[in-house]
Amino acid sequence: MLPGDFIGTTEEFRAGAQTYEKTGGVYAAIAGTTRVNTVRRSVSVIPCTNTPPVLRKGDIVIGQIVGLRDSLAMVTIAGAKGVVDREIPNVGSAVVHVSNVKRGYVKEIAHEFGIFDILKAKIVDLKNMRLDTSEPDMGVMKALCSNCRTAMVRHDSKLKCPECGRIETRKLATGYGTGII
Ligand code: ZN
């Protein structure tokens with residue numbers, strides 16, 4: 001349960017600890033698991049003892065590439081799309097495995113991502129914080145020239161540096177350069 005989640009109707013339950021009633025429903029006031037008292041017919045929410053699951057599988061996150069290895073890219077998560085009712089803590093790092101970069105063969109991950117790139121990706125494995133960018137609207141949203149650190153401009157399927165003219169490749173999101181997440 002997350003804050004605001006519907007637990008049941010007021011006909012089924014009385015609102016217990018850490019819940020509230022609203023228009024005939026009982027809702028969770030905090031993150032946790034529900035506990036039903038069958039004698040009192042009340043429901044409570046018991047807070048999670050470990051970190052509450054503030055991000056969920058399938059969430060779209062925005063992050064920055066902070067490291068590249070042979071088979072994966074390391075990402076620091078900066079936020080999540082549409083998650084306004086859930087607190088995004090400092091969730092730390094995630095990875096994009098080479099098999100989750102795009103559909104088709106990836107020869108070198110350095111041809112798809114660059115250090116400091118801003119990435120839009122979907123969480124496919126919450127436990128290991130694995131992200132996927134294979135869908136067309138997922139991938140690099142903003143990239144800096146590896147030569148002079150200028151924001152690169154999209155030219156067809158490649159990126160060009162308006163400052164030094166360098167051409168680079170990325171696994172681009174359809175929204176590259178728009179700033180629209
Ligand atoms: Zn440049």
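Here are three short exercises on this predicted model, each with a worked solution.

**Exercise 1. Work out which residues hold the zinc ion and what geometry the donor atoms make.**

Start with the ligands: the SG atoms of Cys145, Cys148, Cys161 and Cys164 coordinate the zinc ion, at 2.3 Å. Next, look at how these donor residues are spaced along the chain: the pattern reads C-x2-C-x12-C-x2-C. Now check the angles. The four donor atoms subtend 98 to 121° around the zinc ion. Four donors count as tetrahedral if all angles lie between 85 and 135 degrees, so the arrangement here is tetrahedral. For reference, the ideal angle for four tetrahedral donors is 109.5 degrees.

**Exercise 2. Decide whether Cys145 and Cys148 are buried, partly exposed or exposed.**

You need the cut-offs first: buried is under 20% relative accessible area, exposed is over 50%, and partly exposed sits in between. Cys145 comes out at 0%, so Cys145 is buried. Cys148 has 30% relative accessibility, so Cys148 is partly exposed.

**Exercise 3. Lay out the three-stranded sheet and find its edge strands.**

Begin with the order: this open sheet runs S2-S6-S5, and its pairing is mixed. Strand S2 (14–15) and strand S5 (32–37) each have a single partner strand, so one side of each lacks a neighbour in the sheet and they stand at the edges. Then zoom in on one pairing: S2 joins strand S6 (residues 42–47) in the parallel sense, over two bridges. Across from Arg14 you'll find Ser42 in S6.

Definitions and conventions: Residues are numbered from 1 along each chain as its sequence is written. This is a predicted model: local features need pLDDT of at least 70, side-chain atom pairs count only at pLDDT 80 or more; totals for chains, interfaces and linings use all residues. Side-chain values use heavy atoms; hydrogens and water are left out. Donors are N, O and S atoms within 2.8 Å of the metal (3.2 Å for Na, K and Ca); water is not among the atoms, so sites may look incomplete. Four donors count as tetrahedral if all angles lie between 85 and 135 degrees; four count as square planar and six as octahedral if opposite donors are over 155 degrees apart and all others between 65 and 115; anything else is irregular. Buried means under 20% relative accessible area, exposed over 50%, partly exposed in between (1.4 Å probe, protein chains only). Two strands pair if DSSP finds at least two bridges between them. Helices (H or I, at least four residues) and strands (E, at least two) are DSSP runs, numbered from the N terminus.
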